[in-house]
Amino acid sequence: MAHEAEHQPLGVFECQLCSLTAPYSYVGQKPPNTQSIILLEESFVTKDPFTPDKDRFLVLGSRCSVCSRLVCVGPECSLFYSKRFCLPCVQENVHAFPQEIRHDLEKRKVPWKRPASQPSTQA
Amino acid sequence: MPPPRTREHRGHWDRPRAPSGEEAPEKWDWNCPETRSLFEDAFFQDEDYIRQGSEECQKFWTFFERLQRFQHLKTTRKEEKDPGQPKHSIPALADLPRTYDPRYRINLSVLGPDTRGSRRPGRRLPPERVSEFRRALLHYLDFGQKQAFGRLAKLQRERAALPIAQYGQRILKTLKEHQVVVVAGDTGCGKSTQVPQYLLAAGFSHVACTQPRRIACISLAKRVGFESLSQYGSQVGYQIRFESTRSAATKVVFLTVGLLLRQIQREPSLPQYQVLIVDEVHERHLHNDFLLGVLRRLLPQRPDLKVILMSATINISLFSSYFDNAPVVQVPGRLFPITVVYQPVEAEPTVSKSEKLDPRPFLRVLQAIDNKYPPEERGDLLVFLSGMAEISAVLEAAQTYASHTQRWVVLPLHSALSVADQDKVFDVAPPGVRKCILSTNIAETSVTIDGIRFVVDSGKVKEMSYDPQAKLQRLQEFWISQASAEQRKGRAGRTGPGVCFRLYAESDYDAFAPYAVPEIRRVALDTLVLQMKSMSVGDPRTFPFIEPPPPASLETAIRYLRDQGALDSSEALTPIGSLLAQLPVDVVIGKMLILGSMFHLAEPVLTIAAALSVQSPFTRSAQSNLECAAARRPLESDQGDPFTLFNVFNTWVQVKSERGGNSRKWCRRRGIEEHRLYEMANLRRQFKELLEDHGLLAGAQALKPGDSYSRLQQRRERRALHQLKRQHEEGGARRRKVLRLQEEQEGGSSDEDRGTAARGAGNNVDIQDVKFKLRHNLEQLQAAASSAQALTRDQLALLKLVLGRGLYPQLAVPDPFNGGRKDSDQIFHTQAKQGTVLHPTCVFASSPEVLHPKEPEARAGEGSRDDRDRMSSRHQLLTFVSLLETNKPYLVNCVRIPALQSLLLFSRALDTNGDCSRLVADGWLELQLADTEGAVRLLAASLRLRARWESALDQQLAHQARGRGQREEEEDEEEAPVNRQEVAALSRELLQFMASKVPYSLRRLTGLEAQNLYVGPQTITTAPSLPGLFGSSALSPHPTKGGYAVTDFLTYNCLTSDTDLYSDCLRTFWTCPHCGLHMPLTPLERIAHENSCPDAPRDDPAGAEEATPEPQQKTSALQRPYRCEACQKDFLFTPTEVLRHRRQHV
C-alpha cells in the first residue's frame, strides 16, 4: 500500500533520559498526510501505532532547547513551554518559568528521576 | 529554535476570555447542531485530521463540552503579572512568554480556516468563536497525543518490567554463539511475546515461532504486533490452517507446528527461515516431539539456522541434552507468594448414586473466600476440573450459590465453547463481585486470565488415551502430574499474592508423577507414521525421538496403514498413501475423499469428510432442549449421522444464500454451533483444492461469464463486504465488558444476540458471515448444496458404499437382543470391543428400529438354533468414525450399511465352508446363507466387483501421479481420470449387488468359536476341480487356515463344520440355459460351469439376477412429509425445498 511506504521507519528514537525507544518515520514540523497541523518544534514523529488510521501521527520527542539532549515528550522527561525543555534543564533554571509550571513541578512528587526499573538497552 | 510564526501567536484577541452572558449580544449556543455543523464544515473536512461525522468528531464535541465546563469553573483565575524579571542569560529561556497561558504548553498548532484556502466556509464565523473553537481543538489534539504517548510509555514500562527483560541480551548473545538455545521460564515471564521482539530488534527478519495451538498463533501475533508498535502493520503475522496474515513484509510469523512440518515436507531445509522458535516444547505434543527430531537432523545441514526452544521450567535437561547440551537461559517467573491449602475431599455420603461429581467441596471454597476476604479486595477464582461434565456439575451448584450471595459470576471455560463464550472469561466482574471460572486444563498453560487470586485444583485431568489393540480412544480421568499441579498453583500468583486450594492430600501430591505422559505415548500414531513416511525420515522404529513411542503402538500404526493400503508390504508409501499424507485428516476420511472423487460424488463426499473432521456442531445444552430437538429433526437422516451433518451443512448454506437469511439465528434455534459449520466450509474448501491439485477433481470451472450487469453487481457486493470487514477490523478488538450478575445465571451462552450486538459497536454485523462470504464462493457452494439435496437413491447408496469402504474395518454389529431393549439401551459389538453403545446424539439412538432386520422370513434350522440366527435379507451393520470411551464406550458418527454385501465387498479375510453357505468375515462375523447357489453367485460377483473397483482405483491414482508429473504440459482436460463409462458400469453393478436380496443370518462368533474356526493345513490336498468358480484365479492350499486361498482375502473351504460332510456331494440334474448341457451337478459345479460356459453371454452381470433394481426415481431420501400452513397442502419435501416453498409465501 502506498501509505505504508511513507511510514517506513527512518531510525529508532531513543530518549536520552528514560531510554524509551520507538522507531520514528519523520522528523520535522509538518507530519506527513496532515495539512492543517503544524508542530511548533522539530519533532521525531511516528505513525500513531494505536489506531489503524494511517494519517494519525504521534510525536515521540525532540531536542531540549537548552542542552540539545534528545528527550521524549513524557512528563517525567521534558515539558513544553513554547519550546521543549528537558526536566533537568527546567530544574536548573526553574525561576525562568512561570509560577504555574513551578507549581506543576512541585506537584510531581518525584520531580525528575529515572524510572525505577532501569531497562537494559535492548529493545 | 524560535517558535514558528503562526497565527496562534499573532493577536491577543484569541487569548482566553471569560465567557459571560452579557458579552454576547446574540445568543451563542455551541450545542446547536447548525452551529456545530458550520464549524465542522470549516475545520473537519476530508483532508483534515478530524473528519466530519467520524467517531473522532463525536469525541471532539464531548471533549469540547467538558472543556467548556472546566473553563467556566476556572474563570476566576487571574492573569499573572510577572513584573520586571530580568531577561534570562540563556537565549532559549530569554524569550519565554511572560504571561502564562496553558496554550503555550502545547507543541502544535492548528491552522485556522482563513489560512487554508478561500473555499473554506469558515470566513463568516465570528472570530471570537473561531478562536474558542480552535483553542478547544488544540487541547483536544494535545490530549490525544498525551494519551497515545502515555500508552506507548506504559507499554515500554511493562515490557521492561517483565522478568525476561533482563535476559534479552543474554539470549541474543548465546544465540550468536550457539545454534540451539533453550529458554526456560515459567508462565508469565514473557518469553513468548518478548523473545520474538528481541530478535526483531536485533535485526532478524525471517523468524518463525511455532505454537501448539492455532488460537495462540493469532493472539500472540496480535500481542507482539501491538507491543512492537506494528499493530496495524504487517511485520508480525500469523499463519494457521485457513488463515494467514503473512505478507512479504512479515518478519515474524507465528504458525502451528503442523503447518511448519508441512513446510518442511515441501522444502526440507526450511530455507525461508533464519531463526526458528519452538514454543511450549514442555507440553510434549506429538507433533512437537516429531519436529524436534526433524530439527535435530536438519541442523547439521543448515549451520546458519538458529533454533530457540522455549519451555516452562519442566524437565529442561531433557531438551538441552537432546540437542547436544544446548545452553539454557533460565528466566525466573514473576510469581507472588502463593499459600497452598490442602483440603482433601473426604468420602462423604453423596447425594445421589450417580457418577456425577459432588460439587460441595468446591462450594465450600467459595464460601470460605466469601467469609474470609472482604468483597472490596478484588481477586477472581479459577477452578481446575477434569472435564466438561464436571464443569457443568459444579457450574449448576455454583450458580445457585451465586444467585443467593450476589457475589459471584460463574463462567465455564473449555475448548468446546464458542469463541465468544470463551472470551467472556476475560471480561471483568462488577465491583464487589468475583469471577469464578470453571475450567479444564486449558487454563493451565494455553489461556492466561489476569486477576486470578484463588485457584482450586481438583487434581484431576481427563486425557485421551489410546488402546492400540481395540483401536479405541479412551477419555479417562487421571491424577495430574506434579508439574501440572505447580502450573495450576502458579495461576494464583500472577497479579499478587494468592491462595491455591488443593482438593487432595499432600501425600497424594507426593505420589503424583513428576511429569505428564507425553502425547506420543498415549495416542494413535497412524498419522504420525504416515507423515514420517512421506517426509522420508526413514524407518519410524529407529527415528531418534526425544523419547521413543511404545514399539507396540508404532507396530499397530504400521499394520493399520498397511491394512488401509497406505503402505505396501515393504512399508513403502503407496500412491494412495502419499496422497493421504497430504490430507490433513484421519486416514479413513482421506480414503473417503479419494473413493468419492472416483465415483463422481466429490461434492457430497467433500462435505461429509469435512463434517466428520471437525467437532460435532451440536451444542450440549441443546440436547436437553426439546425445542431445539424438534427444530433439528427435519435435518436428521435415518441413514446415519454423517448424513445428518450433511443435511445440516447444506441447509445452512441455503439459509446463508438467501437474501437477509440470518444463519446465526437459524443455528441457534437448532442448537448448532455455527463456528463449526464455518470450520467445515473452510475444511471443505481445503479438501477440494487438494483433490484438484492432485488431479482427482477437475479444476474449478471458470465461472459462467454472466452478463455485465450481474458481474458488476457481484463486484459491488464484494466491495461492500470488504468494506464491512475493514470497518469491523478498525473497530478494533473486542473490548472488555463488565459482566452482568444476572446474565450468567441464565446459562452462560444463551445471550449471544445481546453480546454480539453490544460488541458490534452499534452495527450488528455478523463478521463471521462477512468473512465467510469473502472466502467462499457462495454460489458454487449453494449449487453443490442443492445438487446434494437432490441426490438420487442410487447416489445415496453409492455414497454409503464409499463411506463404508473408507471406514472399514470400523464396524459394529447390533446385539441380537436389541429388538427387546429400550431405545437408549441398544448394544453393539465391534471386533475388539463388546457392549458399545450409541452416542446420545446419534440418530439411531432415537430411532433404533431402522436397524432391526424387519421381515423375519424364515428361521434357520430347528431346535438347537435360537432366535439369534434369524434369517433376513436385511441385516445391517453400523460403520462408525470413532469409538470413544468416556463413562461408556460410545460409537461416534454411525452409518447403517447392509451387512452381507458390505462384508463381501470390504472384508480383508473371507473364509467359507465347502458350499459357501457359511462365511466368516475377518474372523469374527458369521453369515449363514440359506441358498448355496445364491451364496456362490454373490461371492463370485463380489470377487469380480472388488477386482474392478481396485483397478479403477489404481487407474485413478496412477492418473493423479501422472497428473502431478506433467502439471504444466498441456493435458487433455476433458479426459477424466478413469473412463467414465467404466465407472458408470461399475457403479451400476455395485448398486445391483448392494440391492440383492438373499436371506441370511448374521452372528458374532464367540471367542471359543473364533479360536477353532479353521480346519488347519491339510495333508491330503484335493484341489476341487471347479475351474472358473472364482474367475480365473488358481487355487492354492492355504498354509495355516487350510482350504484354498482364492485371492489374498478369500479362502475357500477352510471352515470347520459340523454339518453333513457329504452335502457338497449331493448332485441334482440341471440343464444349462446357454449350452444345453444336462447332467447331475453340485451347486458349486453348476456355477463353475456357468462361469466358464462358452455360450454364456460375456457381459452378464452375474450374481445380480435376484436384485430388483430400485426404480430410478428422482425422489430424494431426504424428503419428509411437510404440511404448509399457508397453503394448507401436504408435500414431500427436502429441507431445502421447504425453505424454497416457504419463501413463496413471504
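This note goes through a predicted model with chains A and B, from whole-chain figures down to helix contacts.

1. Chain A, make-up. Chain A holds 3 helices and 9 strands. Along the sequence they follow the order α-β-β-β-β-β-β-β-β-β-α-α. A student tracing the chain should therefore meet one helix, then the run of strands, then two helices, each element being a DSSP run.

2. Chain A, burial and contacts. Of its 123 residues, 55% count as buried. The accessible surface of chain A is about 5500 Å², and carbon and sulfur atoms account for 53% of that area. When contacts between residues at least 6 apart in sequence are considered, 26% of those in chain A join residues at least 24 apart.

3. Chain B, make-up and burial. Chain B has 38 helices and 34 strands. It has 1146 residues, of which 52% count as buried. About 53700 Å² of surface is accessible in chain B, with 51% of it belonging to carbon and sulfur atoms.

4. Chain B, contacts along the sequence. How many of the contacts in chain B between residues at least 6 apart join residues at least 24 apart? The share is 71%. One residue pair illustrates separation in sequence set against distance in space: B:Pro374 and B:Gly432 are 58 residues apart in sequence, while their C-alpha atoms are 8.5 Å apart.

5. The setting of B:Pro374. This proline sits in the loop that links helix H11 (360-372) to strand E10 (380-384) of chain B. Is B:Pro374 buried, partly exposed or exposed? Its relative accessibility is 31%, so B:Pro374 counts as partly exposed. The reasoning needs two cut-offs: buried means under 20%, and exposed means over 50%.

6. Helices H5 and H6 of chain B. Helix H5 (residues 168-177) packs against helix H6 (residues 191-201) at an angle of about 65°, and the axes are 10 Å apart. The crossing of H5(B) with H6(B) is right-handed. From H5(B), the residues B:Gly168, B:Ile171, B:Leu172 and B:Leu175 meet B:Val195, B:Tyr198 and B:Leu199 of H6(B). By class, this contact has 6 nonpolar residues, 1 polar and no charged.

7. Helices H21 and H31 of chain B. The axes of helix H21 (residues 602-613) and helix H31 (residues 793-807) come within 11 Å and cross at roughly 45°. That angle makes H21(B) oblique to H31(B). The crossing of these two helices is right-handed. On the H21(B) side the contact involves B:Pro604, B:Val605 and B:Ile608, which meet B:Leu799, B:Val802 and B:Leu803 in H31(B). The residues of this contact comprise 6 nonpolar, no polar and no charged.

8. Helices H21 and H23 of chain B. H21(B) also contacts helix H23 (residues 641-657), where the axes come within 9 Å and cross at roughly 105°. H21(B) and H23(B) are therefore roughly perpendicular to each other. H21(B) contributes B:Pro604, B:Thr607, B:Ile608, B:Ala611 and B:Leu612, and H23(B) contributes B:Pro642, B:Phe643, B:Leu645, B:Phe646, B:Phe649 and B:Asn650. The contact of H21(B) with H23(B) divides into 9 nonpolar, 2 polar and no charged residues.

9. Shared residues in H21. B:Pro604 and B:Ile608 of H21(B) appear both in the contact with H31(B) and in the contact with H23(B). When viewing the model, which residues of H31(B) do B:Pro604, B:Val605 and B:Ile608 meet? They are B:Leu799, B:Val802 and B:Leu803.

Notes: Residues numbered from 1 in each chain as written. Chains lettered and ligands numbered in written order. Predicted model: local features only at pLDDT ≥ 70, side-chain atom pairs only at ≥ 80, totals over all residues. Heavy atoms only, no water. Helix = DSSP H or I, 4+ residues; strand = E, 2+ residues; numbered from the N terminus. Buried < 20%, exposed > 50% of the residue type's maximum accessible area, 1.4 Å probe, protein only. Contact = heavy atoms within 4.5 Å. Areas by Shrake-Rupley, 256 points an atom, 1.4 Å probe, with all protein chains shown as cover. Axes fitted to C-alpha atoms, helices over the stretch in contact; angles between N-to-C directions. Parallel < 35°, antiparallel > 145°, perpendicular 65-115°, else oblique. Left-handed = near helix turned anticlockwise from the far one by under 90°. Nonpolar A, V, L, I, M, F, W, Y, C, P; charged D, E, K, R; others polar.
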